[in-house]
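Visitor: I'm new to reading protein models, and I'd like someone to walk me through this one. Can we take it piece by piece?

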Amino acid sequence: MTTILLSYNEVQSLARKAASGAGLPHGVAEEIGHAAVWLSARGVDAIRIVVDALGDDAQGRQAVLRDQAAIDALCCGETAQVLPADHAHGLLLIGLAGAAAMDTGLNLAVQQGNGDVAPLARVSDVGGLLPTMKTLRVMPDDAAPPACSGTPRPTATDAGAYAAALALAARTYVPASDLSRAQGAGAGTTDND
């Protein structure tokens, strides 16, 4: 299997563009980009997770929208916990929650089926959380753990996931034509930069 090494900026940008190309609103696409960086820093092939979640089925996109709305409700105190709708997109849900925890400063945690609580700020093995995840919830501020530093380089992605993400992102491109160039797309006819 061929792998591709990306920078954190490239992971964020490609995930965001793929989410936009899949038809998600730009704000949600931006959150998916942040989630991809959070996941990639914790040893997960985030591009593969994003592509698998978005794919070509509307059901996956609806699950992502539900998960993002649930994380927003959790962060603003409208709900006490988030129950994962399905585990098929569970890693993206955890990534969205991890990115939200970093952005808001909230102490979000995964409560596992056996009652154990794993604060997202300390999580280094995200994949190990998924099989036992029961809910996501906010922990009290006085229980705030030290932050996990993550990895210095993003986790590599496989070439197939990279190509699929590029294909999703390409859906946002303006077709090349004389009309599109005349209306400002591209570099124009006299680009001397």
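Guide: What follows is a set of questions and answers about this model.

Guide: A quick heads-up: this is a predicted model, where local features need pLDDT of at least 70, side-chain atom pairs count only at pLDDT 80 or more, and totals for chains, interfaces and linings use all residues. Residues are numbered from 1 along each chain as its sequence is written, and side-chain values use heavy atoms, with hydrogens and water left out.

Visitor: How many helices and strands does the protein chain have?

Guide: Helices (H or I, at least four residues) and strands (E, at least two) are DSSP runs, numbered from the N terminus. Going along from the N terminus, the elements read β-α-α-α-α-β-α-β-β-α-β-β-α-α. That comes to 8 helices and 6 strands.

Visitor: What share of the 193 residues counts as buried?

Guide: Let's settle the word first: buried means under 20% relative accessible area, exposed over 50%, and partly exposed in between, using a 1.4 Å probe and protein chains only. By that rule, the buried share of the 193 residues in the protein chain is 42%.

Visitor: Which helix gives the most to the largest nonpolar core?

Guide: A nonpolar core is a set of buried Ala, Val, Leu, Ile, Met, Phe, Trp, Tyr and Cys residues joined through side-chain atoms within 4.5 Å. The largest one here has 49 residues, and Ile32, Ile47, Leu54, Leu120 and Leu136 have the most contacts inside it. With 9 residues, the helix that gives the most to this core is H5 (residues 90–104).

Visitor: How many of the 15 residues of H5 are buried?

Guide: H5 reaches 21 Å from its first C-alpha to its last, close to the expected 21 Å; that expected span is 1.5 Å times one less than the number of residues. Its buried residues include Leu91, Leu92, Leu93 and Ile94. H5 is mostly covered, and the buried count out of 15 is 12.

Visitor: Is H3 largely enclosed or left open, and how many of its 9 residues are buried?

Guide: The buried residues in H3 (residues 46–54) are Ala46, Ile47, Ile49, Val50, Val51, Ala53 and Leu54. Their cover includes helix H1 (8–21), helix H2 (26–40), H4, H5, strand S6 (157–158) and H7. H3 is largely enclosed by the rest of the structure because the number of buried residues, out of 9, is 7.

Visitor: Which residue of H7 is in contact with Leu14, Ala18, Ile47 and Val51?

Guide: Contact means heavy atoms within 4.5 Å. The residue you're after lies in helix H7 (residues 159–170), and it counts as buried, at 1% relative accessibility. Its C-alpha is 9.6 Å from that of Arg16, 149 residues apart along the chain. Leaving aside neighbours within four places in sequence, the residue with those four contacts is Ala165.

Visitor: Asp67 is buried, so which side chain of opposite charge is nearest to it?

Guide: Asp67 sits in helix H4 (residues 58–75); outside its neighbours within four places in sequence, it is in contact with His89, Leu93 and Leu96. Lys and Arg count as positive and Asp and Glu as negative, while His and the chain ends are not counted. A salt bridge is a side-chain nitrogen of Lys or Arg within 4 Å of a carboxyl oxygen of Asp or Glu. Asp67 has none, and the nearest side chain of opposite charge, 5.6 Å away, is Arg66.

Visitor: Which strands stand at the edges of the open sheet?

Guide: Two strands pair if DSSP finds at least two bridges between them. This open sheet has 4 strands in the order S2-S5-S3-S4, with antiparallel pairing. One side of each edge strand is left without a neighbour in the sheet because each has a single partner strand, and these edge strands are S2 (81–82) and S4 (117–119).

Visitor: How many bridges join S3 to S5?

Guide: Strands S3 (residues 108–112) and S5 (residues 133–138) run antiparallel. Among the partners, Leu108 goes with Val138 and Gln111 goes with Thr135. The number of bridges joining S3 to S5 is 5.

Visitor: In the hairpin of S3 and S4, which residue takes a positive phi?

Guide: S3 and S4 pair in the antiparallel sense over 3 bridges, and Val110 stands opposite Ala118 in S4. The hairpin has 4 residues between the strands, and the residue with a positive phi, near 100°, is Gly115.
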